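Reader: I am in my first year and would like to look closely at one part of this protein. Could you take me slowly through a single residue and its surroundings?

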Amino acid sequence: MLAFFLVEILTRLMFPMFDPTGNLVFENKSGFVQLEHKNSYRRQSKNSGDYNVSVYSNSFGFRDNDEPNGFNEDTIFAIGDSFTFGWGVEESQRFSDLLQKKLETQLIINVAMPTDIIGYQAIVKYLRDNDIEIKNSIIGICMENDIVNYYSDIKDKNDEIGNSFIHELKILGHKYSATYIFLTTAIHKSNILNKLFRKIGLINENLQYDPLPDQSAVNDSIRALKELRLLIKNDPLIIIIPSRDLWNKEKSKKAFAIHVSFLALLESNGFNYLDLREPLERNNDPLKYFFKNDPHWNSSGHELVAEEIFLYLQS
């Protein structure tokens, strides 16, 4: 243990760029997720080198330079998970900020956090407790991790924050250890070590994800969305963030069936929605809109999504 602390101290002294102090940290208060830091900046980086960006938190713990209580009748609130949050891109590069520029006079406040539909309900309730009632909203629904068994089988629910032992160790390492960040960065930059760690399962392929949801998860997710809709004054626009499994040959058939089933239930329950599958597939290379070693959209992906939402709203 002493040796580890000595190595950690030496790593911080010799390689200050790997010091985790100032890294992005989330806090979860009984299902309500927010940024741990307030009115300040933190860094969000990937040890593979895919991104290294700044993240500002306002006084409410959301990633937006505008405060939620500065809203007006026309303000649109962007709700969702890490995609809507803008994981891995600068605040100015994410689709909600790009969309606001296109709309010119309409303010968009981003209150997204890496959580799920029940977590989105917690966000809306938190805002209501602070005398902020959402009238207009865009809700990003990620088909990879928002479609889960919220009610029928809570034991199978996969939270985006992660609850596996290895995943928790990775979070702790990135949060507290310069040695961990240094070693994982070195592994990602070494072709031999990278291949070895992928082979033993400690580095996931970009198309490797949790098991596909079943129909009961689809039904539960619609129910959770209906409950969320009741908390918002006007009908929200649901943005469908497709699962990368649509482009995984081994899983594409089932992923497509789940995708279509979810859309059908949205329609039958009167939801307004925009499906991003076809726009992403338009140039026959949907994965170019994602980071190479991370499951989130890169800046090109956010540009595409902002344009698609703008065209939808104009029509």
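Author: Let us begin with S243, which counts as buried because its relative accessible area is 7%, where buried means under 20% relative accessible area, exposed over 50% and partly exposed in between, with a 1.4 Å probe and protein chains only. The model is a predicted one, in which local features need pLDDT of at least 70 and side-chain atom pairs count only at pLDDT 80 or more, while totals for chains, interfaces and linings use all residues. Residues are numbered from 1 along each chain as its sequence is written, and side-chain values use heavy atoms, with hydrogens and water left out.

S243 sits in the loop between β8 (237–241) and α9; helices (H or I, at least four residues) and strands (E, at least two) are DSSP runs, numbered from the N terminus. If neighbours within four places in sequence are set aside, S243 is in contact with M143 and E144, contact meaning heavy atoms within 4.5 Å. S243 and R277 are 34 residues apart in sequence, and their C-alpha atoms are 8.8 Å apart in space.

S243 also helps to line the largest cavity, together with M143, L212, P213, L246, A255, I258 and H259. A cavity is a set of points, on a 1 Å grid over the protein atoms alone, where a 1.4 Å probe fits but cannot get out, and lining residues have an atom within 4 Å of a point. The volume of this cavity is about 50 Å³, a volume being the space filled by probe spheres set on the points, which are joined across faces, edges and corners. Its lining divides into 6 nonpolar residues, 2 polar and no charged, where Ala, Val, Leu, Ile, Met, Phe, Trp, Tyr, Cys and Pro count as nonpolar, Asp, Glu, Lys and Arg as charged, and the others, Gly among them, as polar.

I258, one of the lining residues, is also among the residues of α9 that meet α8, for Q215, V218, N219, S221, I222 and L225 in α8 meet I258, S261, F262, L265 and L266 in α9. By class, this contact has 7 nonpolar, 4 polar and no charged residues. The axes of α8 (residues 215–230) and α9 (residues 252–268) come within 10 Å and cross at roughly 30°; axes are lines fitted to C-alpha atoms, for helices over the stretch in contact, and angles run from 0 to 180 degrees between N-to-C directions.

Terms used
1 Å grid on protein atoms, 1.4 Å probe; cavity = no way out; pocket = protein on both sides within 12 Å on 5 of 7 lines; lining within 4 Å.
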